[in-house]
Amino acid sequence: MEASLITVLLIAVVVIIVLSVFLSFFPVMLWISALASGVRIGIITLVAMRLRRVTPSRIVNPLIKATKAGLGLNINQLESHYLAGGNVDRVVNALIAAQRADIPLEFTRAAAIDLAGRDVLQAVQMSVNPRVIETPIVAAVARDGIEVKVKARVTVRANIDRLVGGAGEETIIARVGEGIVTTVGSSNSHKDVLENPDLISRTVLSKGLDAGTAFEILSIDIADVDVGKNIGAYLQTEQAEADKRIAQAKAEERRAMAVAQEQEMKARVVEMKALVVESESQVPLAMAEALRGGQIGVMDYMNLKNIEADTQMRGSLGKLNDSDGDGTKREK
């Protein structure tokens, strides 16, 4: 009795193991589900997927959805996209969403977008429901020198035809910022921008900023406009300060040159005095030579000395006459 019970248990375990191995290679339940959904697929095909290391459920379930939606896809298309590293379920969902929204989208285009690293389902949803991109505060200066700070909201819709190779949101934000700076910079006064903020929207939209991007710009709305600093006055102040420093430097240069020239003149005066002293020192030598040579006599020399003494006395008397008794000068 016990031996027969053990035998039955062993048989049951063996059967369970065999069924598990069989079902792992032969997904019967998935095959039955596909047949019930109207997808004609052979059990051998599912086994071949196992051998190619493809999870059958990731191919069959999206195929069931595509068949029910009437997309007309085949298993080879889905399997090739899976083997290429794509997300089959997301591509099928995007095709179904595009069909419901009456957006022309083929499987090859959707697969290419998915393999390019973009979310094709999100792109389709963005085509149906446009997205709003808010730019950071863009500071620009009008012609009158007043700074204007602008914040804009850009409503974009995904352009499915340009998703592969098209620029992203950063390019849209950069181009809109460039358009804002151009519009404000070309305005004669910051008051024109404050009075007509829609001027920025019209100017930016007319530039075709969405060219080469993965989006289509629907509208550009100015969310906020503020007045910033007086950049023109600040630049003029800085320029005046720079001019003052240049003038001071030039004046200092001229003063230094004048001081140098003054010192040169003093040196020349000292040099001339030295030459005079040198010349005067030659007079006694010349007189001594004349006395020795007999060109002048002793009386002539004495007369010369008397004349010098008389000249000195007259000079001293002249100085005494020009001064008072206490040594102060007379008023003439």
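## Salt bridges along helix α12

K244 is partly exposed in this predicted model, with a relative accessible area of 41%, where buried means under 20% relative accessible area, exposed over 50%, and partly exposed in between (1.4 Å probe, protein chains only). Residues are numbered from 1 along each chain as its sequence is written. Because the model is predicted, local features need pLDDT of at least 70 and side-chain atom pairs count only at pLDDT 80 or more, while totals for chains, interfaces and linings use all residues, and side-chain values use heavy atoms, with hydrogens and water left out.

The partner of K244 is E241, with which K244 forms a salt bridge whose closest N and O atoms are 3.5 Å apart; a salt bridge here is a side-chain nitrogen of Lys or Arg within 4 Å of a carboxyl oxygen of Asp or Glu. E241 also counts as partly exposed, at 30% relative accessibility. The two residues lie three residues apart in helix α12 (residues 231-293), and so are separated by about one helical turn. Helices (H or I, at least four residues) and strands (E, at least two) are DSSP runs, numbered from the N terminus.

A second pair in α12 is formed by E262 and K266, whose side chains meet in a salt bridge at 3.7 Å, N to O. K266 is partly exposed, at a relative accessible area of 46%, and E262 is likewise partly exposed, at 41%. Being four residues apart in α12, K266 and E262 are separated by about one helical turn. An α-helix has 3.6 residues a turn, so residues three or four places apart point the same way.

## A salt bridge between α6 and α7

The structure holds 13 salt bridges. One of them joins R90 to D114, with the closest N and O atoms 3.0 Å apart. This pair links distant parts of the chain, since R90 sits in helix α6 and D114 in helix α7, 24 residues apart. The two ends of the bridge have their own accessibility values: R90 is partly exposed, with a relative accessible area of 28%, whereas D114 is buried, with a relative accessible area of 7%.

## Helix α7 and its surroundings

D114 is one of the buried residues of helix α7 (residues 107-115), which are F107, A110, A111, I113 and D114. These residues cover an arc of only 160 degrees around the axis, which puts them on the same side of α7; the arc is that of the directions from the helix axis to the C-beta atoms. The elements that cover them include α5 (75-83), α6 (88-100) and α8 (120-128).

Just after α7, G117 takes a positive phi of about 95 degrees. Another glycine, G85, is found in the loop between α5 and α6 and is exposed, with a relative accessible area of 62%. The C-alpha atoms of G85 and L115 are separated by 7.2 Å, although these residues are 30 residues apart along the chain.

## The buried face of α11

In helix α11 (residues 198-205), the buried residues are I200, S201 and V204. Seen down the axis of α11, these residues fall within an arc of 100 degrees, so they line one face of the helix. Their cover includes two strands, β3 (146-158) and β4 (215-230), as well as the helices α9 (169-185) and α10 (190-195).

## Surface and annotated segments

M313, L317 and L320 make a nonpolar surface patch of about 310 Å²; patches are made of residues with over 30% relative accessible area and no salt bridge, with like charges joined within 9 Å and nonpolar side chains (Val, Leu, Ile, Met, Phe, Trp, Tyr) within 5 Å. M313 belongs to helix α13 (residues 298-321) and is partly exposed, with a relative accessible area of 45%.

According to the unreviewed UniProt entry, the annotation "transmembrane region" covers residues 5-23 and 29-49; the positions are given in the numbering used here, feature names are shortened, and annotations may be inferred rather than shown by experiment. Over residues 29-49 the chain is 71% helix and 0% strand, with the end C-alpha atoms 15 Å apart.

## The chain as a whole

The chain contains 13 helices and four strands, and of its 332 residues 26% count as buried. Among contacts (heavy atoms within 4.5 Å) with a separation of 6 or more, residues 24 or more positions apart account for 65%. The chain exposes about 21,800 Å², of which carbon and sulfur atoms supply 57%; accessible areas come from the Shrake-Rupley method with a 1.4 Å probe, and for residues only the protein chains shown count as cover.
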